[in-house]
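Welcome! Below are a few short exercises, each with a worked solution. Take a look at the structure, then try each task before reading on.

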Amino acid sequence: MRREGSPWTGLWAVFFKEMADHLTGIRMRILEGLILLSALAAVYTGTQTLRQTVGEDPYLYLKLLTTAQDPLPSFVGFLSFFVPLAAIALAFDAVNGEYARGTLSRILSQPIYRDALLFGKFLAGLGTLAVLLLALFLLVVGLGLFTLGVPPGGEEMGRAFFFLLATLAYAGFWLALGLLFSVLFRQPATAALAAIGVWLFFAVFFPILTDLAAGALLLQADPFDPESQLKQANLALWISRLSPNTLYAETLTAVLNPAVRSLGPILITQLEGAVLGTPLPLSQSLLLVWPQLTGLVSLVILLFTLAYVSFQRQEVRA
Amino acid sequence: MVVIETHGLSKRYGRVVAVEDLNLEVKEGEVFGLLGPNGSGKTTTILMLLGLTEPTKGEARVLGLDPMREPLKVKSRVGYLPDQVGFYGELTAWENLRYTTRLLGLPEGEAQARIEEVLKRMGLWEVRDRRVSAFSRGMRQRLGLAEVLLKRPKVAILDEPTLGLDPEAAREFLELIKGLKAEGITILLSSHLLHQVQEVCDRVGLFHKGRLALLGTVEELAQRVLGGGYEILVEASPGLEESFRTLAGVARVEAEGGRYRILASRDLRPELARIAVEHGQLLGLALRRPSLDEVYAHYFKEVAHAA
Ligand SMILES: Nc1ncnc2c1ncn2[C@@H]1O[C@H](COP(=O)(O)OP(=O)(O)OP(=O)(O)O)[C@@H](O)[C@H]1O
Ligand SMILES: [Mg+2]
């Protein structure tokens, strides 16, 4: 049956309401505080290490983002830890919270479709995280300017832009997951726990599993045939790419480190004629991570679609 | 003009039949009561009328529109007050309504004016800047009705509007509903408190296990089920039972000493008074609308007997 009227009526009303809720909410305050503190710590150690080499490195600011010093991880390391948590925190009670407050049937009796409500909530989460990331990034650049005394180059800013974009896509994955669980589970606490469970799985257990799988695969290869070994290594790599964390990590590696020329095993023959150590231009780095980026975005779309379909089938009453 | 009509409307949840073969017509300007006990299918019917739940069979028309095909048009003309209406507790009354006007797509100036108008009308203007989490049940309910009015609806559908209100607040709320009727808004309300809403309803439909068992005005139903649309209470000398019974139009007489309860098909107060005075003293005389509770109980006792 064809529905009349645009599914997007009311989308912006929902978007602005949710965004205002997020930005003024106490939850956001806590997240901001956490992320800010850890980012400051990371940047501080970064600048301490980098002071010595100022002037020698053309990609000083990228280094600032990625330099880790024991026991502190880098800024990027902190971010990839916190972004999933922040996204889950914004989404886990998106739909079941409306049921619990008894607002859902009232809102859906206004002239809007469910599409607008769900998509508006997703966009608002994404918008909030984008604002947060941008603010954080500008802070880091500002601190860098202050402590290092050199302005960032154009190429560096371009790379940083794509780094932010990739981080947003990564955040989108966790946001869509949180949204899905908020549709599937009636209790917000259950939804939050389930989403954090998935996050733990990908952060801790999945690498262990892929390591085991890689080991097992390599055992199956003929020890005297490099071609079969390469095949098995590639297979293991593909398995590890089933995780959004791998996709994000690989994207960051190539975008933030111009010296990276490949994201998998390469043969020495493939490097023939290459001037080792020369940085890749941004466009080439992007070409390298294009599959990873699109993979990440498709995962987001897949999760959102699942959330959408299950929301459409739900009864409006609690 | 018929505002709401349904043909063979049915809804099943798996094997549970929530509504079965509902045929209903609500005319413009009418207050129609959808009455029945818990779980009899009132809310389900309402959700189907708003396009919030898809019927298993049959069809509904609201203002001539199909709620499944054109839900946006239906929902922009029909106001809905859900049972257990909820608001965003961390927002003020004003902000909650502001969100609704945005969803309705009203321009800024128009929205402000309408919010002020409905808040004043519902007596909530003084508390507009208070968070809704601090509202009492009665205030929430009035805020819900304010939201319904924000749309300037042609039809208002109210699910259990007096649920959880104390008798005084319920009476006030029903007065507000009468006010809407005076404005020409067609009203469909549901309730399981038959005696409470029977007064405001022009016509009622009594639900029983998903089926519409009885349909008509309260007098018609009382006439059909109890045999008399008028219930007259007489206090007089004892022993008048037989003389009362001989009057034309009397369906039933119950006597208890000097107190009589007479069910009749028209207002027989003058005749009854004359008989009472002729045979002794007349101490009291009152006409009562027959109670729907009684109609309901009586009807289903008979149905159970027949089965
Ligand atoms: N989502 C659902 N899944 C299964 N059965 C349902 C669902 N929603 C309602 N029902 C059943 O449908 C029937 C009618 O329910 P409905 O809520 O329409 O009754 P009601 O008349 O509004 O009752 P109340 O006075 O308690 O509000 C009930 O038997 C109920 O158990
Ligand atoms: Mg109900």
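## Exercise 1: The largest cavity

The residues that line the largest cavity are A:Tyr61, A:Leu62, A:Leu64, A:Leu65, A:Phe137, A:Val140, A:Val141, A:Pro152, A:Glu156, A:Met157 and A:Ala160. Keep in mind that this is a predicted model.

**Task.** Which elements give two or more residues to this lining, and how does the lining divide by class?

**Solution.**
1. Place the lining residues on the elements of chain A: helix 3 (60-66), helix 7 (114-148) and helix 8 (154-184) each give two or more residues to the lining.
2. Look for the largest share: helix 3 of chain A supplies it, with 4 residues.
3. Sort the lining by class: 10 residues are nonpolar, none is polar and 1 is charged.
4. Finally, add the volume: the largest cavity holds about 60 Å³ of space.

## Exercise 2: The second largest cavity

**Task.** How many cavities of 30 Å³ or more are there, and what lines the second largest cavity?

**Solution.**
1. Start with the count: there are 2 cavities of 30 Å³ or more.
2. Turn to the second largest cavity, whose volume is about 40 Å³.
3. List its lining: A:Ile35, A:Leu79, A:Val83, A:Ala86, A:Leu129, A:Leu132, A:Leu133 and A:Leu136.
4. Assign the lining to elements: helix 4 (75-91) and helix 7 of chain A each give two or more residues, and helix 7 of chain A has the largest share, 4 residues.
5. Sort by class: the lining has 8 nonpolar residues, with no polar and no charged ones.

## Exercise 3: A helix in chain B

**Task.** Why is helix 3 of chain B described as largely enclosed by the rest of the structure?

**Solution.**
1. Find the helix: helix 3 of chain B covers residues 93-104, which makes 12 residues.
2. Check its span: from first C-alpha to last, helix 3 of chain B reaches 17 Å, close to the 16 Å expected at 1.5 Å a residue.
3. Apply the cut-off for buried, under 20% relative accessible area. The residues of helix 3 of chain B that pass are B:Ala93, B:Asn96, B:Leu97, B:Arg98, B:Tyr99, B:Thr100, B:Thr101, B:Leu103 and B:Leu104.
4. Draw the conclusion: helix 3 of chain B is largely enclosed by the rest of the structure because 9 of its 12 residues are buried.
5. Ask what does the covering: among the elements over these buried residues are helix 1 (11-24), helix 6 (104-108) and helix 7 of chain A, along with helix 4 (108-121) and helix 5 (137-150) of chain B.
6. Look just past the end of helix 3 of chain B: there, B:Gly105 has a positive phi of about 75°.

Key
Residues numbered from 1 in each chain as written. Chains lettered and ligands numbered in written order. Predicted model: local features only at pLDDT ≥ 70, side-chain atom pairs only at ≥ 80, totals over all residues. Heavy atoms only, no water. 1 Å grid on protein atoms, 1.4 Å probe; cavity = no way out; pocket = protein on both sides within 12 Å on 5 of 7 lines; lining within 4 Å. Points joined across faces, edges and corners; volume = space filled by probe spheres on them. Nonpolar A, V, L, I, M, F, W, Y, C, P; charged D, E, K, R; others polar. Expected span 1.5 Å × (residues − 1). Buried < 20%, exposed > 50% of the residue type's maximum accessible area, 1.4 Å probe, protein only. Contact = heavy atoms within 4.5 Å.
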